[in-house]
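Open the model in your viewer and set it to cartoon. Keep a selection box ready, and take the stops in order.

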Amino acid sequence: MGMATLTSLHSVPLPSSTSPRKPPSTSLSSSRFTRRTSSIALLASPLLFISDNNAKAEEKKDEFQPDEEERVVRIFEETSPSVVFIKDLELPARNREADGEDEFRDAKVEGTGSGFVWDKMGHIVTNYHVVEKLANDRSGLQRCQVFFEDMNGNTFSREGKLVGYDPAYDLAVLKVDVEGDKLRPASIGSSRSLLVGQSCFAIGNPYGYDHTLTTGVVSGLGREIPSPNGRAIRGAIQTDAAINAGNSGGPLIDSYGHVIGVNTATFTRKGSGISSGVNFAIPIDIVCQTVPYLIVYGTPFNNRF
């Protein structure tokens, strides 16, 4: 049996311009399909009634399927403006003194990730490993470019300034200079009452394809996964919602559109780079405890003394 490894979801895309690529008309995101089972009409008369009931049950299930699809579409439409696309950039030395969009000209894309709008003050929550190079930059050439989508579907970008991070929980907060009326903060839920089997959805930017939705269920609770500094993150959410490279920092949401976790890692078969369907998210209750300290102090509570 091949070995598996826990992999962070920070992707390193092929070289491209600093504008995010729009997905082609045929979506590459994973989807779940409902497999219909056909009722078999049996010739034995005592079973005809049972067969007829099964057929009616199937018809009834199909009647509700469009409503379910509409609900998922509505959740995506309402939540996706809160999700951002993050590019990890290294500037050429000659661009050190440049400003604005000119600063990112000829920048090398070293990785991509996701995040979501925390508040109207411009704070963005993502994974620490998405911005790790920026956090440890000594050259002054590392940058993060954050891409947004406004209410009309137009894309714009701003530089993200790192205000705080906590490697122990793989969390970081960026700050962007954007007018509050252009930002839509995510609706924050709770991970305290989650149940195995309930529906969940992941929105992110796998392989640079921005605003991709995948669906699944909560597969397990109370998992333990390693953090970037080697400590254990306890209480992680396990899900089979497909998340891949570039989904790091994106939200895991429930069927009401509330954020219940931050996508952070996936098990992959060693050497393949392909997700096994065993994915993990940091519970939103941990995020809610950590992020306010990062915004105010730049460090987690236990590092301030």
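The tour starts with the whole chain and then moves through a sheet, the cores and a few single residues.

**Whole chain**

Select everything. This is a predicted model. The protein has 3 helices and 14 strands. Of its 305 residues, 46% are buried. Now think about contacts between residues with a separation of 6 or more: 67% of them join residues 24 or more positions apart.

**The seven-stranded sheet**

Colour the strands of the open sheet, which number 7 and follow the order β6-β5-β2-β3-β4-β8-β7. The pairing is antiparallel. Which strands sit at the edges? They are β6, residues 155–159, and β7, residues 161–166, and each of these pairs on one side only. Sight across the sheet: from one strand to the next, the twist averages 30 degrees.

Zoom in on β3 (residues 108–117) and β4 (residues 123–126). These two strands run antiparallel and are joined by 2 bridges. Pick F116 and look across to β4, where V125 is its bridge partner.

Next, show helix α3, residues 284–297. The helix lies across β4, β7 and β8 (171–175). Relative to β8, α3 runs at about 45 degrees.

**The nonpolar cores**

Stay on F116 and show side chains. The largest nonpolar core has 21 residues, and F116 and V287 touch the most other members. Several elements supply at least two residues each to this core: α1 (45–79), β8, β9 (199–204), β13 (259–269) and α3. Which of them gives the most? That is α3, with 5 residues.

Now display the surroundings of F116. Beyond its neighbours within four places in sequence, F116 has contacts that include S82, V83 and V84. H123, I124 and V125 are also among its contacts. Further along the chain, F116 is in contact with A186, I188, G249, P251, V259 and V262.

There is a second, separate core of 16 residues. To find it, select I124, F156, V176 and V178, which are included in it.

**F201 in β9**

Go to F201, in strand β9. Is F201 buried or exposed? F201 counts as buried because its relative accessibility is 3%, below the 20% cut-off. Draw a distance from its C-alpha atom to that of L252: the two are separated by 5.7 Å, though they are 51 residues apart along the chain. Around F201, leaving out residues up to four places away in sequence, the contacts include V72 and I75. L213, T214 and T215 touch F201 as well. So do P251, L252, I253, D254 and S255.

**N205, after β9**

Move to N205, in the loop between β9 and β10 (212–226). N205 has 0% relative accessibility, so it counts as buried. Turn on polar contacts. The side chain of N205 reaches the backbone oxygen of V84 at 3.2 Å. A polar atom of the same side chain of N205 lies 3.1 Å from the backbone nitrogen of H211. Setting aside neighbours within four places in sequence, N205 is also in contact with residues including F85, G113, S114 and D210. A245, G246 and N247 are among its contacts too.

**The β10–β11 hairpin**

Select β10 together with β11 (residues 232–239). The two strands pair in the antiparallel sense over 6 bridges. G220 stands opposite Q238 in β11. The strands form a hairpin with 5 residues between them. In the turn, click G230, which has a positive phi of about 95 degrees.

**S187, in a loop**

Select S187, in the loop between β8 and β9. S187 counts as partly exposed, because its relative accessibility is 37%. Its contacts, apart from neighbours within four places in sequence, are G257, H258 and V259. Now draw a distance to D119, 68 residues apart from S187 along the chain: their C-alpha atoms are separated by 9.8 Å.

**Aromatic pair in α3**

Finish on helix α3. The structure holds 4 aromatic pairs, and Y293 and Y297 form one that is stacked. The rings are 6.2 Å apart centre to centre, with 25 degrees between the planes. Along helix α3, Y293 and Y297 are 4 residues apart, about one turn of the helix. Y293 counts as partly exposed at 29% relative accessibility. Y297 counts as partly exposed at 47%.

Technical notes:
Residues numbered from 1 in each chain as written. Predicted model: local features only at pLDDT ≥ 70, side-chain atom pairs only at ≥ 80, totals over all residues. Heavy atoms only, no water. Pairing = 2+ DSSP bridges. Axes fitted to C-alpha atoms, helices over the stretch in contact; angles between N-to-C directions. Contact = heavy atoms within 4.5 Å. Core = buried A, V, L, I, M, F, W, Y, C linked by side-chain atoms within 4.5 Å. Buried < 20%, exposed > 50% of the residue type's maximum accessible area, 1.4 Å probe, protein only. Polar contact = N/O pair within 3.5 Å; in protein donor to acceptor, adjacent residues only side chain to side chain. Phe/Tyr/Trp six-rings, centres within 6.5 Å; stacked < 30°, edge-to-face > 60°.
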